[in-house]
Amino acid sequence: MTTPLPATPAPTVPDTAPAPPGTAASLSVWPASARLASRGDVAVGGVSLVEAAERFGTPVYLLDEAEVRERCRTYLRSFPDTEVVYAAKAFLCRALLRWVREEGLGLDVCSAGELEFAVTTGFPPERIVLHGNAKSPDDLEAALRLGVGRIVIDSAWEIARLSALVPHGARQKVLVRVVPGVNAGGHAAIRTGTDGQKFGLSITDGSAQHAVARILDQPRLELVGLHCHIGSQISTAKPYLTALRRVVGLLAQIRHQHKIVLPELDLGGGHAVAYRPGETALDIPSLGARVRRELAASCAAAGLPVPRLTVEPGRALVGPAGVALYRVLAVKRTGERIFVAVDGGMSDNPRPALYGVRYAPRLVGRRSTAEPCTATVVGRHCEAGDVLAADVAMPGDIRPGDLVAVPVAGAYHLSMASSYNAVGRPPVVAVADGRARLLVRRESLADINGRDIGP
(Lines give C-alpha, C1' and ligand atoms only; values in the text may rest on other atoms or scores of the structure.)
Protein backbone atom coordinates (compact mmCIF):
# COMPACT_ATOMS: atom_id res chain seq x y z
CA MET A 1 0.00 0.00 0.00
CA THR A 2 2.91 2.38 0.51
CA THR A 3 3.31 4.23 -2.78
CA PRO A 4 6.32 6.49 -3.36
CA LEU A 5 5.43 10.00 -4.46
CA PRO A 6 6.56 11.06 -7.96
CA ALA A 7 10.18 11.77 -8.13
CA THR A 8 17.01 21.53 -9.10
CA PRO A 9 20.02 21.47 -6.75
CA ALA A 10 20.15 24.39 -4.38
CA PRO A 11 23.05 26.67 -3.78
CA THR A 12 23.47 26.62 -0.01
CA VAL A 13 23.82 24.12 2.82
CA PRO A 14 22.79 24.76 6.44
CA ASP A 15 25.53 25.82 8.83
CA THR A 16 24.57 22.96 11.18
CA ALA A 17 23.56 19.95 9.16
CA PRO A 18 21.12 17.55 10.84
CA ALA A 19 21.75 13.85 11.23
CA PRO A 20 21.50 12.07 7.87
CA PRO A 21 17.83 11.22 7.20
CA GLY A 22 18.54 7.50 6.89
CA THR A 23 19.90 7.20 10.44
CA ALA A 24 18.13 6.59 13.73
CA ALA A 25 19.68 9.80 15.12
CA SER A 26 17.52 11.77 12.70
CA LEU A 27 14.46 10.57 14.66
CA SER A 28 15.79 11.56 18.10
CA VAL A 29 12.96 14.03 18.83
CA TRP A 30 10.24 11.83 17.32
CA PRO A 31 7.97 9.50 19.33
CA ALA A 32 9.82 6.45 20.63
CA SER A 33 7.80 4.27 18.26
CA ALA A 34 9.12 6.07 15.15
CA ARG A 35 10.90 3.74 12.73
CA LEU A 36 12.55 4.28 9.37
CA ALA A 37 10.65 2.39 6.67
CA SER A 38 11.21 1.60 3.02
CA ARG A 39 11.46 4.21 0.28
CA GLY A 40 11.97 7.11 2.69
CA ASP A 41 8.83 6.49 4.71
CA VAL A 42 8.60 6.70 8.51
CA ALA A 43 6.21 4.69 10.68
CA VAL A 44 4.84 6.04 13.98
CA GLY A 45 2.89 3.72 16.24
CA GLY A 46 3.32 1.13 13.52
CA VAL A 47 1.48 3.34 11.00
CA SER A 48 3.07 4.50 7.74
CA LEU A 49 3.06 8.29 7.44
CA VAL A 50 2.57 8.02 3.70
CA GLU A 51 -0.47 5.82 4.11
CA ALA A 52 -1.86 8.07 6.84
CA ALA A 53 -1.57 11.08 4.53
CA GLU A 54 -3.29 9.15 1.73
CA ARG A 55 -6.11 7.99 3.99
CA PHE A 56 -6.80 11.17 5.96
CA GLY A 57 -5.45 13.87 3.64
CA THR A 58 -3.17 16.73 4.60
CA PRO A 59 -2.58 18.64 6.72
CA VAL A 60 -3.14 16.02 9.40
CA TYR A 61 -1.93 15.55 12.97
CA LEU A 62 -0.96 12.11 14.25
CA LEU A 63 -0.88 11.46 17.99
CA ASP A 64 0.98 8.43 19.34
CA GLU A 65 -1.18 7.01 22.13
CA ALA A 66 1.58 4.85 23.62
CA GLU A 67 3.92 7.87 23.80
CA VAL A 68 1.35 9.91 25.72
CA ARG A 69 0.64 7.07 28.14
CA GLU A 70 4.33 6.37 28.78
CA ARG A 71 5.01 10.04 29.45
CA CYS A 72 2.16 10.04 31.99
CA ARG A 73 3.75 7.03 33.68
CA THR A 74 7.16 8.70 33.71
CA TYR A 75 5.69 11.60 35.68
CA LEU A 76 3.96 9.31 38.15
CA ARG A 77 7.19 7.37 38.71
CA SER A 78 9.24 10.57 39.01
CA PHE A 79 6.81 12.30 41.38
CA PRO A 80 5.51 9.68 43.83
CA ASP A 81 2.94 10.91 46.36
CA THR A 82 2.30 13.86 44.05
CA GLU A 83 -0.83 14.97 42.23
CA VAL A 84 0.09 15.07 38.54
CA VAL A 85 -2.47 17.04 36.52
CA TYR A 86 -2.46 17.44 32.75
CA ALA A 87 -2.54 21.05 31.51
CA ALA A 88 -5.39 20.79 29.00
CA LYS A 89 -4.49 24.03 27.24
CA ALA A 90 -1.68 22.17 25.46
CA PHE A 91 -4.22 20.07 23.54
CA LEU A 92 -7.66 18.77 24.40
CA CYS A 93 -9.82 16.07 22.87
CA ARG A 94 -12.03 13.34 24.32
CA ALA A 95 -9.66 10.47 23.60
CA LEU A 96 -6.74 12.29 25.23
CA LEU A 97 -8.86 12.96 28.31
CA ARG A 98 -9.57 9.24 28.54
CA TRP A 99 -5.88 8.36 28.21
CA VAL A 100 -4.72 10.69 30.99
CA ARG A 101 -7.63 9.73 33.25
CA GLU A 102 -6.87 6.03 32.80
CA GLU A 103 -3.21 6.69 33.62
CA GLY A 104 -4.19 8.28 36.93
CA LEU A 105 -3.69 11.99 36.20
CA GLY A 106 -5.84 14.94 37.18
CA LEU A 107 -6.65 17.87 34.91
CA ASP A 108 -5.91 21.59 34.75
CA VAL A 109 -8.36 23.77 32.77
CA CYS A 110 -8.55 27.49 32.03
CA SER A 111 -12.17 28.14 31.08
CA ALA A 112 -15.76 27.02 31.47
CA GLY A 113 -15.49 25.56 27.96
CA GLU A 114 -12.55 23.31 28.80
CA LEU A 115 -14.17 22.41 32.11
CA GLU A 116 -17.55 21.44 30.65
CA PHE A 117 -15.88 19.51 27.85
CA ALA A 118 -13.91 17.50 30.40
CA VAL A 119 -16.76 16.81 32.80
CA THR A 120 -19.20 15.82 30.05
CA THR A 121 -16.54 13.44 28.76
CA GLY A 122 -16.50 11.75 32.15
CA PHE A 123 -13.54 13.37 33.88
CA PRO A 124 -14.05 13.52 37.67
CA PRO A 125 -14.60 17.20 38.53
CA GLU A 126 -12.99 16.83 41.95
CA ARG A 127 -9.71 16.06 40.17
CA ILE A 128 -9.84 19.26 38.11
CA VAL A 129 -8.04 22.54 38.84
CA LEU A 130 -9.42 25.76 37.30
CA HIS A 131 -6.90 28.46 36.35
CA GLY A 132 -7.18 31.83 34.63
CA ASN A 133 -5.92 35.36 35.18
CA ALA A 134 -9.34 36.82 34.29
CA LYS A 135 -12.05 34.26 35.02
CA SER A 136 -15.48 35.31 33.80
CA PRO A 137 -18.62 34.92 35.89
CA ASP A 138 -19.51 32.01 33.60
CA ASP A 139 -16.17 30.35 34.39
CA LEU A 140 -16.71 30.63 38.14
CA GLU A 141 -20.37 29.62 38.02
CA ALA A 142 -19.53 26.55 35.92
CA ALA A 143 -16.76 25.57 38.34
CA LEU A 144 -19.13 25.72 41.30
CA ARG A 145 -22.01 24.03 39.48
CA LEU A 146 -19.85 21.15 38.30
CA GLY A 147 -17.97 20.72 41.58
CA VAL A 148 -14.43 21.51 40.47
CA GLY A 149 -11.81 20.40 42.98
CA ARG A 150 -9.68 23.55 43.18
CA ILE A 151 -10.00 27.12 41.91
CA VAL A 152 -6.77 29.11 41.66
CA ILE A 153 -7.25 32.71 42.80
CA ASP A 154 -5.24 34.90 40.43
CA SER A 155 -6.35 38.41 41.39
CA ALA A 156 -7.88 40.21 44.33
CA TRP A 157 -11.19 40.88 42.61
CA GLU A 158 -11.88 37.14 42.32
CA ILE A 159 -12.07 36.70 46.08
CA ALA A 160 -15.30 38.59 46.74
CA ARG A 161 -16.90 37.57 43.45
CA LEU A 162 -16.23 33.87 43.98
CA SER A 163 -17.30 34.02 47.60
CA ALA A 164 -20.61 35.61 46.59
CA LEU A 165 -21.28 32.79 44.12
CA VAL A 166 -20.64 29.91 46.53
CA PRO A 167 -24.01 28.51 47.71
CA HIS A 168 -25.00 29.08 51.33
CA GLY A 169 -23.61 26.38 53.57
CA ALA A 170 -20.97 25.29 51.06
CA ARG A 171 -17.23 25.97 50.89
CA GLN A 172 -15.00 26.06 47.81
CA LYS A 173 -11.37 24.98 48.05
CA VAL A 174 -8.99 27.54 46.56
CA LEU A 175 -5.28 28.09 45.96
CA VAL A 176 -3.57 31.47 45.61
CA ARG A 177 -1.31 31.90 42.60
CA VAL A 178 1.80 33.69 43.76
CA VAL A 179 4.61 35.28 41.80
CA PRO A 180 7.93 34.16 43.32
CA GLY A 181 10.18 36.54 41.36
CA VAL A 182 11.93 33.90 39.25
CA ASN A 183 12.88 34.69 35.66
CA ALA A 184 12.62 31.49 33.61
CA GLY A 185 11.22 30.37 30.28
CA GLY A 186 12.19 29.98 26.66
CA HIS A 187 10.73 33.30 25.43
CA ALA A 188 9.56 36.56 26.99
CA ALA A 189 5.96 35.73 26.08
CA ILE A 190 6.00 32.57 28.20
CA ARG A 191 7.80 33.83 31.33
CA THR A 192 5.33 34.09 34.17
CA GLY A 193 7.37 33.97 37.36
CA THR A 194 8.34 37.64 37.60
CA ASP A 195 6.52 40.82 38.55
CA GLY A 196 5.28 42.98 35.69
CA GLN A 197 3.25 40.33 33.84
CA LYS A 198 -0.43 39.48 34.02
CA PHE A 199 -0.41 36.32 36.11
CA GLY A 200 -0.52 35.86 39.86
CA LEU A 201 -0.02 37.94 42.98
CA SER A 202 3.41 39.20 43.96
CA ILE A 203 5.21 38.03 47.06
CA THR A 204 7.59 41.00 46.77
CA ASP A 205 4.99 43.78 46.97
CA GLY A 206 2.75 41.98 49.46
CA SER A 207 -0.17 41.35 47.09
CA ALA A 208 -0.04 37.62 47.75
CA GLN A 209 -0.03 38.07 51.52
CA HIS A 210 -2.96 40.50 51.31
CA ALA A 211 -4.96 38.03 49.21
CA VAL A 212 -4.31 35.26 51.72
CA ALA A 213 -5.62 37.41 54.56
CA ARG A 214 -8.77 38.33 52.61
CA ILE A 215 -9.52 34.72 51.67
CA LEU A 216 -9.18 33.62 55.28
CA ASP A 217 -11.90 36.15 56.15
CA GLN A 218 -14.33 34.54 53.67
CA PRO A 219 -16.32 31.75 55.36
CA ARG A 220 -17.33 30.24 51.98
CA LEU A 221 -13.74 29.89 50.75
CA GLU A 222 -11.33 27.30 52.07
CA LEU A 223 -7.70 28.22 51.41
CA VAL A 224 -5.84 24.93 51.00
CA GLY A 225 -2.55 26.02 49.49
CA LEU A 226 -0.37 28.10 47.19
CA HIS A 227 0.25 27.83 43.48
CA CYS A 228 3.01 29.14 41.24
CA HIS A 229 3.88 28.72 37.60
CA ILE A 230 7.12 30.38 36.52
CA GLY A 231 7.10 29.92 32.74
CA SER A 232 7.35 27.43 29.89
CA GLN A 233 10.14 25.60 28.07
CA ILE A 234 12.30 25.57 31.20
CA SER A 235 15.14 23.10 30.67
CA THR A 236 16.85 23.04 34.09
CA ALA A 237 15.66 22.31 37.62
CA LYS A 238 17.30 25.34 39.24
CA PRO A 239 14.46 27.87 38.67
CA TYR A 240 11.94 25.44 40.15
CA LEU A 241 14.08 24.97 43.25
CA THR A 242 14.44 28.72 43.70
CA ALA A 243 10.69 29.23 43.31
CA LEU A 244 9.98 26.39 45.71
CA ARG A 245 12.16 27.88 48.44
CA ARG A 246 10.44 31.25 48.14
CA VAL A 247 6.95 29.75 48.22
CA VAL A 248 7.83 27.63 51.25
CA GLY A 249 9.02 30.85 52.84
CA LEU A 250 5.57 32.30 52.26
CA LEU A 251 3.95 29.19 53.76
CA ALA A 252 6.04 29.77 56.87
CA GLN A 253 5.02 33.42 56.96
CA ILE A 254 1.35 32.47 56.70
CA ARG A 255 1.70 30.04 59.59
CA HIS A 256 3.36 32.73 61.69
CA GLN A 257 0.80 35.46 60.91
CA HIS A 258 -2.42 33.42 60.72
CA LYS A 259 -1.62 30.32 62.79
CA ILE A 260 -2.60 27.93 59.97
CA VAL A 261 -0.59 25.38 58.00
CA LEU A 262 -1.62 25.13 54.35
CA PRO A 263 -1.54 21.49 53.19
CA GLU A 264 -0.99 21.91 49.43
CA LEU A 265 1.63 23.36 47.08
CA ASP A 266 1.18 23.43 43.30
CA LEU A 267 4.47 24.03 41.46
CA GLY A 268 2.95 24.35 37.99
CA GLY A 269 4.54 23.00 34.83
CA GLY A 270 6.47 24.50 31.91
CA HIS A 271 8.85 21.57 31.44
CA ALA A 272 10.93 21.90 28.28
CA VAL A 273 10.89 19.45 25.40
CA ALA A 274 13.39 19.26 22.53
CA TYR A 275 11.96 20.38 19.20
CA ARG A 276 15.13 19.69 17.21
CA PRO A 277 17.91 17.12 17.55
CA GLY A 278 20.56 18.38 19.96
CA GLU A 279 18.22 20.58 22.01
CA THR A 280 17.85 20.01 25.74
CA ALA A 281 14.69 18.60 27.29
CA LEU A 282 14.08 18.82 31.02
CA ASP A 283 15.07 15.58 32.75
CA ILE A 284 11.82 14.68 34.51
CA PRO A 285 13.13 11.91 36.83
CA SER A 286 15.94 14.23 37.96
CA LEU A 287 13.50 17.11 38.42
CA GLY A 288 11.21 14.95 40.51
CA ALA A 289 14.03 13.80 42.78
CA ARG A 290 15.46 17.30 43.24
CA VAL A 291 12.12 19.00 43.84
CA ARG A 292 11.03 16.45 46.44
CA ARG A 293 14.41 16.65 48.16
CA GLU A 294 14.36 20.45 48.22
CA LEU A 295 10.76 20.53 49.42
CA ALA A 296 11.58 18.25 52.35
CA ALA A 297 14.68 20.25 53.25
CA SER A 298 12.99 23.65 52.99
CA CYS A 299 10.02 22.54 55.07
CA ALA A 300 12.29 21.00 57.69
CA ALA A 301 14.26 24.25 57.94
CA ALA A 302 11.02 26.21 58.35
CA GLY A 303 9.54 23.72 60.83
CA LEU A 304 6.66 22.94 58.47
CA PRO A 305 5.11 19.61 57.52
CA VAL A 306 5.69 18.73 53.86
CA PRO A 307 2.62 19.82 51.86
CA ARG A 308 0.94 17.70 49.21
CA LEU A 309 2.71 18.55 45.95
CA THR A 310 1.01 19.08 42.57
CA VAL A 311 2.71 19.45 39.17
CA GLU A 312 1.04 20.43 35.90
CA PRO A 313 2.78 19.09 32.77
CA GLY A 314 1.13 19.84 29.44
CA ARG A 315 3.55 20.18 26.53
CA ALA A 316 5.88 17.55 28.03
CA LEU A 317 3.09 14.95 27.89
CA VAL A 318 1.68 15.52 24.40
CA GLY A 319 4.18 17.65 22.45
CA PRO A 320 6.66 14.88 21.54
CA ALA A 321 3.78 12.47 20.84
CA GLY A 322 2.51 14.50 17.88
CA VAL A 323 3.58 14.61 14.22
CA ALA A 324 2.14 17.03 11.65
CA LEU A 325 2.02 16.04 7.98
CA TYR A 326 1.87 18.55 5.14
CA ARG A 327 1.91 18.34 1.35
CA VAL A 328 4.24 20.64 -0.59
CA LEU A 329 2.27 22.97 -2.88
CA ALA A 330 5.06 25.08 -4.36
CA VAL A 331 8.80 25.62 -4.31
CA LYS A 332 10.04 29.13 -5.03
CA ARG A 333 13.62 30.30 -5.48
CA THR A 334 13.96 34.02 -4.83
CA GLY A 335 17.52 35.23 -5.13
CA GLU A 336 19.50 32.99 -2.81
CA ARG A 337 16.49 31.95 -0.77
CA ILE A 338 14.37 28.85 -1.24
CA PHE A 339 10.78 28.77 0.00
CA VAL A 340 8.90 25.49 0.35
CA ALA A 341 5.18 26.25 0.63
CA VAL A 342 2.91 23.63 2.21
CA ASP A 343 -0.84 23.20 2.54
CA GLY A 344 -1.00 24.27 6.19
CA GLY A 345 0.62 27.09 8.11
CA MET A 346 -0.09 29.56 10.86
CA SER A 347 -3.77 28.58 11.00
CA ASP A 348 -2.82 25.17 12.40
CA ASN A 349 0.49 26.16 14.04
CA PRO A 350 0.85 29.81 15.09
CA ARG A 351 3.81 29.17 17.41
CA PRO A 352 6.60 30.17 14.98
CA ALA A 353 4.82 33.48 14.33
CA LEU A 354 4.19 34.07 18.04
CA TYR A 355 7.45 32.87 19.58
CA GLY A 356 9.89 32.28 16.72
CA VAL A 357 10.13 28.58 17.60
CA ARG A 358 12.26 26.26 15.47
CA TYR A 359 11.32 22.83 14.12
CA ALA A 360 13.07 20.05 12.21
CA PRO A 361 10.81 19.15 9.26
CA ARG A 362 11.60 16.04 7.24
CA LEU A 363 10.82 14.78 3.75
CA VAL A 364 8.96 11.46 3.93
CA GLY A 365 7.64 9.20 1.21
CA ARG A 366 10.66 9.09 -1.05
CA ARG A 367 14.39 8.78 -0.57
CA SER A 368 16.26 11.71 -2.08
CA THR A 369 19.91 11.51 -3.14
CA ALA A 370 20.14 15.24 -3.82
CA GLU A 371 22.50 17.43 -1.83
CA PRO A 372 20.75 19.25 1.04
CA CYS A 373 19.86 22.90 0.76
CA THR A 374 18.82 25.56 3.21
CA ALA A 375 15.13 26.27 2.80
CA THR A 376 12.34 28.02 4.66
CA VAL A 377 9.12 26.04 5.00
CA VAL A 378 6.20 28.45 4.79
CA GLY A 379 2.43 28.17 4.97
CA ARG A 380 -0.33 29.06 2.56
CA HIS A 381 -1.68 32.13 4.33
CA CYS A 382 -1.55 35.77 3.31
CA GLU A 383 1.03 36.80 5.90
CA ALA A 384 4.76 37.23 5.43
CA GLY A 385 5.14 35.87 8.95
CA ASP A 386 3.44 32.59 8.02
CA VAL A 387 6.63 30.57 8.48
CA LEU A 388 6.65 27.02 9.85
CA ALA A 389 10.40 26.41 9.84
CA ALA A 390 13.03 28.97 8.86
CA ASP A 391 16.42 28.06 7.39
CA VAL A 392 16.21 24.30 7.72
CA ALA A 393 17.90 21.52 5.79
CA MET A 394 15.76 20.02 3.05
CA PRO A 395 16.67 17.88 0.02
CA GLY A 396 17.81 19.99 -2.91
CA ASP A 397 15.17 18.39 -5.14
CA ILE A 398 12.20 19.10 -2.88
CA ARG A 399 9.17 19.64 -5.12
CA PRO A 400 5.38 19.98 -5.19
CA GLY A 401 3.62 16.81 -4.16
CA ASP A 402 6.27 15.85 -1.60
CA LEU A 403 5.18 14.98 1.91
CA VAL A 404 6.80 16.88 4.81
CA ALA A 405 6.56 15.73 8.43
CA VAL A 406 7.08 17.99 11.45
CA PRO A 407 7.73 16.17 14.76
CA VAL A 408 6.98 17.45 18.28
CA ALA A 409 3.65 18.78 17.04
CA GLY A 410 1.31 17.58 19.77
CA ALA A 411 1.12 20.73 21.91
CA TYR A 412 -0.02 24.30 21.23
CA HIS A 413 -0.68 23.67 17.56
CA LEU A 414 -4.34 22.78 17.20
CA SER A 415 -5.19 24.16 20.64
CA MET A 416 -4.18 27.60 19.30
CA ALA A 417 -5.42 27.06 15.74
CA SER A 418 -7.78 29.28 13.77
CA SER A 419 -9.73 29.22 10.51
CA TYR A 420 -7.76 32.12 9.03
CA ASN A 421 -8.44 32.59 5.30
CA ALA A 422 -11.41 30.21 5.82
CA VAL A 423 -9.02 27.27 5.91
CA GLY A 424 -10.44 24.53 8.13
CA ARG A 425 -8.44 23.09 10.99
CA PRO A 426 -6.81 19.70 10.34
CA PRO A 427 -7.99 16.39 11.75
CA VAL A 428 -6.31 14.51 14.60
CA VAL A 429 -5.56 10.81 14.19
CA ALA A 430 -4.46 8.44 16.95
CA VAL A 431 -1.86 5.84 16.03
CA ALA A 432 -1.22 2.72 18.12
CA ASP A 433 -0.25 -0.90 17.44
CA GLY A 434 -0.26 -0.42 13.68
CA ARG A 435 -3.77 1.07 13.59
CA ALA A 436 -4.91 4.61 12.90
CA ARG A 437 -8.25 6.01 14.03
CA LEU A 438 -9.79 9.43 13.61
CA LEU A 439 -10.16 11.38 16.87
CA VAL A 440 -11.10 14.84 15.60
CA ARG A 441 -12.45 15.29 12.08
CA ARG A 442 -11.28 17.95 9.65
CA GLU A 443 -13.09 21.27 9.93
CA SER A 444 -15.04 21.78 6.73
CA LEU A 445 -16.09 24.91 4.88
CA ALA A 446 -19.64 24.05 5.92
CA ASP A 447 -18.54 24.18 9.57
CA ILE A 448 -17.06 27.62 9.05
CA ASN A 449 -20.01 28.95 7.02
CA GLY A 450 -22.53 27.52 9.46
CA ARG A 451 -21.55 30.04 12.14
CA ASP A 452 -22.41 32.99 9.89
CA ILE A 453 -26.17 33.58 10.12
CA GLY A 454 -26.18 36.11 7.30
CA PRO A 455 -27.51 39.65 6.95
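This short presentation covers salt bridges and one small sheet in a predicted model.

Good morning, colleagues. I shall begin with the salt bridges. The count in this model comes to 21. I have selected three pairs and one network for discussion.

The first pair lies within a helix. Arg71 forms a salt bridge with Glu67, and the closest N and O atoms are 2.9 Å apart. Both residues belong to helix 2, which spans residues 65-78. Because they are 4 residues apart in that helix, about one helical turn separates Arg71 from Glu67. The two partners may also be described by their accessibility. Arg71 has a relative accessibility of 25% and counts as partly exposed, whereas Glu67, at 10%, counts as buried.

The second pair joins two strands. Here the side chains of Arg308 and Glu83 meet in a salt bridge, with an N to O distance of 3.6 Å. Arg308 is located in strand 13 (residues 308-311) and Glu83 in strand 5 (residues 82-87), so this salt bridge ties together parts that are 225 residues apart in sequence. Where do these partners stand in terms of burial, buried or partly exposed? Arg308 counts as partly exposed, at 39% relative accessibility. Glu83 has a relative accessible area of 19%; since the cut-off for buried is under 20%, Glu83 is classed as buried.

The third pair connects two loops. Arg366 and Asp397 meet through their side chains in a salt bridge of 3.1 Å, N to O. Arg366 sits in the loop between strand 16 (362-364) and strand 17 (372-378), while Asp397 sits in the loop between strand 18 (387-395) and strand 19 (403-407); the pair therefore ties together parts that are 31 residues apart in sequence. Arg366 itself counts as buried, at 8% relative accessibility.

Beyond these pairs, there is a network to note. Glu65, Arg69, Arg73, Arg98, Glu102, Glu103 and Arg437 are joined into one network by salt bridges that share partners.

I turn now to the sheet. It is an open sheet of 3 strands in the order 1-2-3, with antiparallel pairing. Which strands stand at the edges? They are strand 1 (35-36) and strand 3 (47-48); each has a single partner strand, so one side of each is left without a neighbour in the sheet. Strand 2 (residues 42-44) runs antiparallel to strand 3, and 2 bridges join them. Within this pairing, Ala43 stands opposite Ser48 of strand 3. As a general point, the strands of a sheet pair through backbone hydrogen bonds.

Thank you for your attention.

Definitions and conventions
Residues are numbered from 1 along each chain as its sequence is written. This is a predicted model: local features need pLDDT of at least 70, side-chain atom pairs count only at pLDDT 80 or more; totals for chains, interfaces and linings use all residues. Side-chain values use heavy atoms; hydrogens and water are left out. A salt bridge is a side-chain nitrogen of Lys or Arg within 4 Å of a carboxyl oxygen of Asp or Glu. Buried means under 20% relative accessible area, exposed over 50%, partly exposed in between (1.4 Å probe, protein chains only). Two strands pair if DSSP finds at least two bridges between them.
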